[in-house]
Amino acid sequence: GPPIVVPPSRPDFVPGNEAVPITAIVQPGDPARTITGVDLDFSDTAGRGFGGTIAMTNTVGDTWEATIPAAPDGIFVFYSVTATDSEGDMTSSGEVYYRVLYNGITSIEEIQRTPDGLPGDGPFEGITTTDIDLDATVQADFFGGANRYLILQDDPGLDEWTGIWAIIDPGATVAVGDVINVSEADIEEAFGLTQLFMPTFTVTGSGSPYPHKVLTTGLLNGDDPGFREAHEGLLVRFNAVTITDANADGPDDGSGTNFGEWQFSSDATEANEVRADDLSDAFPSDFNLLNFMIGYTVSHIQGAWYYSFSNYKVVPVVAGDIGTITVSNEPVGPAVPGTYLLHAAYPNPFNPSATIRYEIGSAGPVSLKVYDALGREVAVLVDATLPASTYEVTFNASGLSSGIYIYRLVAGNEVLNGSMTLVK
């Protein structure tokens, strides 16, 4: 067969104004043949006329070497290896690239940006470098399982490619709003997420974090994969959203798989939905099932833009990153002054939704909650100060199991209970 070419080496440093040695392993595909030549082809996409072909030298065994000359600052250099054997058969490796930075890494964009602006590994994946002098603001600081995460950004204008995740020492002294200087970093890709692992940094100042970048879900779930990739590591916010899936990876009744992820949309359509992930320890693993049902609206959901297991998603960091959760609660008529009534839910039994009517004879705080047969709170339907009126609220139990549920109204000095049966 034709020659066997292993993909050529990548530099394990940040190339500057210097030549870059490249090594390739090339073997005959047939023991009766010999390798007669190996060429290294290189070019750039910056239109600066950099490129050419170099004959590689067989240094020892199956190892071939060549050196790419110093390239212009800032460009991505692409290269591949083509081997020819004694029968004239040829094999080319896949294309590999690196990025040239004369001053080392000085911005997050230089770590994050891919050559074509599309999803993929950053140019310095897999290297540990001290050739870095990066100033960034700590946007978020939280624990998720065994890891302590920082979200770093270095552009107050919230431009694309300017945010990044970092895993740091759990005992490190740093806080949200601090400005840090990173002097050494292990740059890696974790399930497709570019991150700094245990970077060496010093706190050089303090202040306030940049605001979240306000977007609609359709922008981050549209036809532009590069737009999604470019926002990785940025804090993003979605206002006035609707829950479209309470359990993104399983049934909404919690009877199967639940990875603590849900989906929501700015326009209430599944076509424009994005995911959220409970990675932060601020949220229990069943937060989604306890708090969301399809059709619920939320005043805002915000957090760090993330990527894992083939999905882009937002990671809320603290409780305040999830806004007010609202279900349907509409006034339908007057109430007798001073009277408080809780009517029977209908239909009953129900699946999956039931309507509960109640009367508030005086304005004031109102609480209407649902509990399971063991007394555990499963839903907050109303928690607000309301004017006197008769109201109807919709309870959607699509995320719950069959059984008896108690609904309790607390208003004025009254505590009123009712029961309903969910049959699936």
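## Close-ups of a predicted model

**View 1. Strands β29 and β30 side by side.** Strand β29, covering residues 403–411, pairs with β30 in the antiparallel sense over 9 bridges. To find your place, start from Ile406: its bridge partner in β30 is Ser419. Keep in mind that what you see here is a predicted model.

**View 2. The sheet that β29 and β30 belong to.** Zoom out a little and you'll find 4 strands forming an open sheet, in the order β27-β26-β29-β30, with antiparallel pairing. β27 (377–386) and β30 (414–422) stand at the edges with a single partner strand each, so one side of each has no neighbour in the sheet. On average, neighbouring strands of this sheet are turned by 15° against each other, ignoring direction. If sheets are new to you, strands pair through backbone hydrogen bonds, either parallel or antiparallel.

**View 3. The hairpin of β26 and β27.** Now look at the other end of that strand order. Strand β26 (residues 364–371) runs antiparallel to β27, and 8 bridges join the two. Lys369 is a handy marker, with Val380 as its bridge partner in β27. Together β26 and β27 make a hairpin, with 5 residues between them. Check out Gly375 in the turn, which has a positive phi of about 85°.

**View 4. Another open sheet, starting from β1.** This open sheet has 4 strands in the order β1-β2-β6-β5, and the pairing is antiparallel. Its edge strands are β1 (4–5) and β5 (57–60), each pairing on one side only. β1 and strand β2 (residues 20–27) pair in the antiparallel sense over 2 bridges. Here, Ile4 has Gln27 in β2 as its bridge partner.

**View 5. A cavity in the model.** Rolling a probe the size of a water molecule over the atoms shows where empty space is left. In this structure, 1 cavity of 30 Å³ or more turns up. The largest cavity has a volume of about 40 Å³. Its lining is made by Arg10, Pro11, Phe13, Pro15, Tyr98, Pro123, Phe124, Glu125 and Ile127. Sorted by class, that lining has 7 nonpolar residues, 2 charged ones and no polar ones.

**View 6. Asp30 meets Arg33.** The structure holds 14 salt bridges, and this view picks out the one where the side chains of Asp30 and Arg33 meet, at 4.0 Å from N to O. How exposed or buried are the two residues? Asp30 is partly exposed, with a relative accessible area of 24%. Arg33 has a relative accessible area of 17%, so it counts as buried, since the cut-off for buried is under 20%.

**View 7. Glu261 and its salt-bridge partners.** The side chain of Glu261 meets that of Arg275 in a salt bridge (2.6 Å, N to O). Glu261 sits in strand β18 (residues 261–265) and Arg275 in strand β19 (residues 274–277), so this pair ties together parts that are 14 residues apart in sequence. Glu261 also forms a salt bridge with the side chain of Lys313 (3.0 Å, N to O). That pair links distant parts of the chain: Lys313 lies in strand β21 (residues 311–315), 52 residues from Glu261. Glu261 is buried at 6% relative accessible area, Arg275 is buried at 11%, and Lys313 is buried at 1%. These three residues are part of a network of salt bridges that links Asp249, Glu261, Arg275, Asp277 and Lys313.

Notes:
Residues numbered from 1 in each chain as written. Predicted model: local features only at pLDDT ≥ 70, side-chain atom pairs only at ≥ 80, totals over all residues. Heavy atoms only, no water. Pairing = 2+ DSSP bridges. Axes fitted to C-alpha atoms, helices over the stretch in contact; angles between N-to-C directions. 1 Å grid on protein atoms, 1.4 Å probe; cavity = no way out; pocket = protein on both sides within 12 Å on 5 of 7 lines; lining within 4 Å. Points joined across faces, edges and corners; volume = space filled by probe spheres on them. Nonpolar A, V, L, I, M, F, W, Y, C, P; charged D, E, K, R; others polar. Buried < 20%, exposed > 50% of the residue type's maximum accessible area, 1.4 Å probe, protein only.
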